[in-house]
Amino acid sequence: MEWPELKTLGVAVSHRMEGDDKAGEINIRYYISSAELDAESFAHSVRGHWSIESMHWSLDVSMREDECQILFGNGGQNFARFRHIALNLLKKNKGKDSVNLAQMNNEYREMLIFG
């Protein structure tokens, strides 16, 4: 296959450990780009991409965004904005499980919203 606009090939290797797991997990991801990127710019782009993916994962898993079936008018966009606001409120709270707690606990949600 030909890619006439191809300027950069990149490989991102990451090592993720959880808890006491010393071995962890190694992930290798390959990227192609039409932009000419040096190593620093490439790394910045990869991190930026995954921070956006992380936000979408949080919205989908915690708030079931992909299951939303609001199709009337701007309802879907309006609810997406509410979910983003809610996620930002939860992230502002430094508690480790704030997203999970908010799913299950009305009092916790009220405390986040009203202080």
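## Close-up views of a predicted model

**View 1. Isoleucine 26 is exposed, with a relative accessible area of 59%.** Let us start with this one residue in the predicted model. Exposed here means over 50% relative accessible area, so a value of 59% puts isoleucine 26 in that class. If you look for isoleucine 26 along the chain, you will find it in strand β2.

**View 2. A nonpolar patch on the surface includes Ile26.** Which residues form this patch together with Ile26? They are Val11, Val13, Ile28 and Tyr30. Counted together, the five-membered list of Val11, Val13, Ile26, Ile28 and Tyr30 has about 560 Å² of accessible area. Two strands each supply at least two residues of the patch: β1, which runs over 8-16, and β2, which runs over 25-33. Of the elements that contribute, β2 gives the most, with three residues.

**View 3. Glycine 10 is a buried residue of the chain.** Glycine 10 belongs to strand β1. Is glycine 10 buried or exposed? Its relative accessibility is 10%, and buried means under 20%, so glycine 10 counts as buried. Now look at what surrounds glycine 10. Setting aside neighbours within four places in sequence, glycine 10 is in contact with Arg29, Tyr30, Tyr31 and Phe42. You met one of these, Tyr30, in the nonpolar patch. Try finding alanine 43 as well: glycine 10 and alanine 43 are 33 residues apart in sequence, and their C-alpha atoms are 9.2 Å apart in space.

**View 4. Helix α2 covers residues 75-92.** This helix has 18 residues. From its first C-alpha to its last, α2 reaches 26 Å, close to the 26 Å expected at 1.5 Å a residue. Which residues of α2 are buried? They are Gly75, Ala80, Arg83, Leu87 and Leu90. These buried residues cover an arc of only 130 degrees around the axis, which means that they are on the same side of α2. A general rule helps here: an α-helix has 3.6 residues a turn, so residues three or four places apart point the same way. On the other side of α2, you can find Arg81, Phe82, Asn88 and Lys92, which are exposed.

**View 5. The whole chain contains four helices and two strands.** Reading along the sequence, you pass these elements in the order β-β-α-α-α-α. The chain has 115 residues, and 17% of them count as buried. Its accessible surface comes to about 9,700 Å², with 55% belonging to carbon and sulfur atoms. Among contacts between residues at least 6 apart in sequence, 33% join residues at least 24 apart.

Conventions: Residues numbered from 1 in each chain as written. Predicted model: local features only at pLDDT ≥ 70, side-chain atom pairs only at ≥ 80, totals over all residues. Heavy atoms only, no water. Buried < 20%, exposed > 50% of the residue type's maximum accessible area, 1.4 Å probe, protein only. Contact = heavy atoms within 4.5 Å. Areas by Shrake-Rupley, 256 points an atom, 1.4 Å probe, with all protein chains shown as cover. Patch = residues over 30% accessible without salt bridge, like charges linked within 9 Å, V, L, I, M, F, W, Y side chains within 5 Å. Salt bridge = Lys/Arg side-chain N within 4 Å of Asp/Glu carboxyl O. Expected span 1.5 Å × (residues − 1). Arc of directions from axis to C-beta.
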